Amino acid sequence: MAVKPPRDPQDVGYTWPTVLAVAVHLLVIVFSLIKLPSMSAEPDSSSIVQATFVSTETFTDQAQQVTDQQAAMNNAAEPEVAEPEPPSDEPSAEQQAAEAAAAQREADAAAQAAEQAEALEQAQAEAEAEAQRRAEEAERLAEQQEAEAAAREAEEQRAREEAEAQRQREAEAERVRAEAEAQRQREAEEQREREEEAERQREAEEQREREEEAERQREAEEQREREEEAQRQREAEEQRAREEAEAQRQREAEAQREREAEAQREREAEERRAAEAAEAAMQRQLAGEAEAAANAQQAQQAANSFINIVRRAVEQAWLIPPAASDSMSATIQVRLGPSGELLATSVASSSGDSAFDRSAMQAVEHAAPFSELRDLPAEQQRTLRQFNLRFTPGDVR
């Protein structure tokens, strides 16, 4: 991409100075063509009618007219020297009417002259005010045009500065873009070189791997052939071993059959002896079980007899509390010594009434000792040295 050369900040074109010079000359020509109003300038067509009418005459002419009218009024006021008329007793009616009309005309002329003088003064004042207003308007217009010209000059200067700054920014941006493009091209070239180098390395690595793979395949083929040869040798050796093993197995099987037959004969003899011994042992076991059952039954009967003896003794010694009810129940645990003496009592299950529980424990204490325990076999003595008694009103179990 082509790069534009940066412009010199002092390199200013001639377009805007030329336009500004033409505009200044046009303003000078316009101001020269504008005719400023003078003190005696006539009002334009937009003025009032009275002012237009008065301004067609000069101030000298109007003053002369006023003077003439004033003289006419003075002459009319003074009596004219007339030729003596023949005396009469009173003026005629026509003469009186003429005099009245003359007086009226004189009064109208005087009023008209006064009105014209007042209109002249008013027109003169209005002309002066209009001239002053036009002068001020021209001065304001000139100042406004000067301010607008200065503003345009400042705006043009600012526009030139902004254009120059924009040009410089664009040149800087173009330079930055050119540098970025050059950097990008350098990076792309470096990336391309790296990729080409990586591609060459990858191809070299692939070639090396292919060669290694071919070498591995050759070695694998050789290994396979060696393994096949070894396998064939092993199979031949195994076949010979199997044949020898089969012959040995047959010999051993024959010997085994002979040993098994001998062992079978010995087992059968042993089984007969074992069966005879088992039958004898069963007979002895049945006899022992019968004896044990008889002994157990006898022991159970002796135990039940001892418990009944204890229960009756405790019932006789138990003083049931008056407040006890039939629904109350307490279980007392009893521990006896080898001779039937009482070692300890404890509440295994409380009735909820401490007096009831205490009366049950006292009944066991009063009924002890239980010397009948010494009459029982030693095994039953150990079993019956600890037992529980449940107390309910009217029954002890």
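**A friendly note on helix α5 and its surroundings**

1. A good place to start is the outward side of α5: the exposed residues Ser354 and His366 sit on the face turned away from the buried side of this helix. Do bear in mind that this is a predicted model.

2. The buried residues of α5 are Phe356, Asp357, Ser359, Ala360, Ala363, Val364 and Ala367. Viewed down the helix axis they fall within an arc of 160°, so they line one face of α5. The general rule is worth recalling here: an α-helix has 3.6 residues a turn, so residues three or four places apart point the same way.

3. The length of α5 checks out nicely. With 14 residues at 1.5 Å each, a span of 20 Å is expected, and the C-alpha atoms at its ends are indeed 20 Å apart. At the start of the helix, a side-chain oxygen of Asp353 comes to within 3.1 Å of the backbone nitrogen of Ala355.

4. Next, the strands. β1 pairs antiparallel with β3 over six bridges, and Ile332 stands opposite Leu389 of β3. β1 also runs antiparallel to β2 (residues 342–349), joined by six bridges, with Arg335 partnered by Ala344 in β2. Five residues lie between the strands of the β1–β2 hairpin, where Gly340 has a positive phi near 95°. Five of the seven residues of β1 are buried.

5. Finally, the largest nonpolar core has 24 residues, of which Phe306, Val314, Leu389 and Phe391 touch the most other members. At least two residues apiece come from α4 (93–317), β1 (330–336), α5 (354–367) and β3 (386–392). Beyond its neighbours within four places in sequence, Phe306 contacts Leu336, Phe370, Glu372, Leu373, Leu376, Leu384 and Phe387.

Key: Residues numbered from 1 in each chain as written. Predicted model: local features only at pLDDT ≥ 70, side-chain atom pairs only at ≥ 80, totals over all residues. Heavy atoms only, no water. Core = buried A, V, L, I, M, F, W, Y, C linked by side-chain atoms within 4.5 Å. Buried < 20%, exposed > 50% of the residue type's maximum accessible area, 1.4 Å probe, protein only. Helix = DSSP H or I, 4+ residues; strand = E, 2+ residues; numbered from the N terminus. Contact = heavy atoms within 4.5 Å. Expected span 1.5 Å × (residues − 1). Arc of directions from axis to C-beta. Polar contact = N/O pair within 3.5 Å; in protein donor to acceptor, adjacent residues only side chain to side chain. Pairing = 2+ DSSP bridges.
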